[in-house]
Amino acid sequence: MKRLLKSLVTISALSSCVIAPFLLSAGQASAETKKGTDASYIGAGVAAGVTNGGQNNDAANFGGNLTGRVKLGSTPFSARGNVLWNDETSTIIPEVSVDVPIAKNTNAFVTGGYSFLDKDGSSSPLGNRDAVVVGAGVESEVAKNFLVYTNAKVGLRAYQNSPASAISINGGLGYRFK
């Protein structure tokens, strides 16, 4: 357990060091260059659960994801929805995000939400029980109406009979509908 916590702290610290310069420089954008993306989109890709809760039926596993984003007006907030699945079960995750423009057509975002597991006790890419979820990611428009996205999600206490948190790394291709 101590090793897992040390790993989570290390990953968090490294992620902060990588993302902080982008967040700090976001306000220094010139008026001529449009930064960020206001795209509302739906996408599909892969989901990789990278943690293990230490019990039977909670091993790390691989699956897929469906994701969607709806930009909430001119605010920095978005409503997001995710479905992570594998051959055993699926997890539905409604979330709200704060989006930060970091480059032309590119946002970094931080999310908060809750995961609802289809079958409690079955291993998903994000644990084997319902849990509070926090995450961070990046999305970027790469062509007219197409985006790529990647994110990491942490399900807090997402394993039955274990205080362990679950981590899922997700990515895919999205289609802009608005």
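Start with the whole protein chain coloured by secondary structure: from the N terminus on, its elements run α-β-β-β-β-β-β-β-β. That comes to 1 helix and 8 strands. Keep in mind as you go that this is a predicted model.

**The barrel**

Now select the strands and hide the rest. They form a closed barrel of 8 strands in the order 1-2-3-4-5-6-7-8, with antiparallel pairing. From one strand to the next, the twist averages 25°.

To see where the barrel closes, select strand 1 (residues 41-49) together with strand 8: 9 bridges pair them in the antiparallel sense. Zoom in on Tyr41, whose bridge partner in strand 8 is Arg176. Remember Arg176, as the tour returns to that residue below.

Next, go to strand 4 (residues 90-103) and strand 5 (residues 106-117), which run antiparallel and are joined by 10 bridges. Pick Ile92 here; Phe116 is the bridge partner in strand 5.

**Around strand 7**

Move on to strand 6 and strand 7, an antiparallel pair with 11 bridges. Ala143 is a good residue to select, as Phe146 of strand 7 stands opposite. The hairpin of these two strands has 2 residues between them, and Asn145 takes a positive phi near 70° there.

On the other side of the tour's path, strand 7 also pairs with strand 8, again in the antiparallel sense, over 10 bridges. Two cross-strand pairs are worth labelling: Phe146 stands opposite Tyr175 in strand 8, and Lys153 stands opposite Ser168 in strand 8.

Show the side chains of strand 7 (residues 146-156) and colour the two faces. Which residues form the covered face of strand 7? They are Leu147, Tyr149, Asn151, Lys153 and Gly155. The uncovered face holds Phe146, Val148, Thr150, Ala152, Val154 and Leu156. In a regular strand the side chains alternate between the two faces of the sheet.

**Salt bridges**

A search of the whole structure finds 7 salt bridges. Three of them make good stops.

- Select Arg69 and Asp99, a salt bridge with its closest N and O atoms 3.0 Å apart. This pair links distant parts of the chain, with Arg69 in strand 2 (residues 62-71) and Asp99 in strand 4, 30 residues apart. Arg69 and Asp99 are buried.
- Select Glu139 and Arg80, where the closest N and O atoms of the salt bridge are 3.1 Å apart. Here too distant parts of the chain are linked: Glu139 lies in strand 6 (residues 131-143) and Arg80 in strand 3 (residues 77-85), 59 residues apart. Glu139 and Arg80 are both buried.
- Select Arg176 and Glu141, a salt bridge whose closest N and O atoms are 3.1 Å apart. Arg176 belongs to strand 8 (residues 166-176) and Glu141 to strand 6, so to speak a link between distant parts of the chain, 35 residues apart.

Are Arg176 and Glu141 buried or exposed? Buried means under 20% relative accessible area. Arg176 is buried because its relative accessible area is 18%, and Glu141 is buried because its value is 17%.

Before you leave, show Arg69, Arg80, Asp99 and Glu139 at once: these residues are linked in a network of salt bridges.

**The nonpolar core**

Which residues make up the largest nonpolar core? Select Ala47, Leu84, Ile93, Leu126, Ala131, Val133, Ala158, Tyr159, Ala164 and Ala166, 10 residues in all. In soluble globular proteins, nonpolar side chains tend to be buried together.

Centre the view on one member of this core, Ala47. Leaving out residues up to four places away in sequence, Ala47 touches Asn61, Phe62, Gly63, Gly64, Asn65, Leu84, Pro125, Ser168, Ile169 and Asn170. Leu84 is in that list of contacts and is also part of the core. Ser168, another contact of Ala47, is the residue that stands opposite Lys153.

**Back to the whole chain**

Finish by showing everything again, with a surface. The accessible surface of the protein chain comes to about 9,300 Å², and 65% of that belongs to carbon and sulfur atoms. Of the 178 residues in the protein chain, buried residues make up 40%. As for contacts between residues at least 6 apart in sequence, 54% join residues at least 24 apart.

Conventions
Residues are numbered from 1 along each chain as its sequence is written. This is a predicted model: local features need pLDDT of at least 70, side-chain atom pairs count only at pLDDT 80 or more; totals for chains, interfaces and linings use all residues. Side-chain values use heavy atoms; hydrogens and water are left out. Two strands pair if DSSP finds at least two bridges between them. Helices (H or I, at least four residues) and strands (E, at least two) are DSSP runs, numbered from the N terminus. Axes are lines fitted to C-alpha atoms, for helices over the stretch in contact, and angles run from 0 to 180 degrees between N-to-C directions. A salt bridge is a side-chain nitrogen of Lys or Arg within 4 Å of a carboxyl oxygen of Asp or Glu. Buried means under 20% relative accessible area, exposed over 50%, partly exposed in between (1.4 Å probe, protein chains only). A nonpolar core is a set of buried Ala, Val, Leu, Ile, Met, Phe, Trp, Tyr and Cys residues joined through side-chain atoms within 4.5 Å. Contact means heavy atoms within 4.5 Å. Accessible areas come from the Shrake-Rupley method with a 1.4 Å probe; for residues, only the protein chains shown count as cover.
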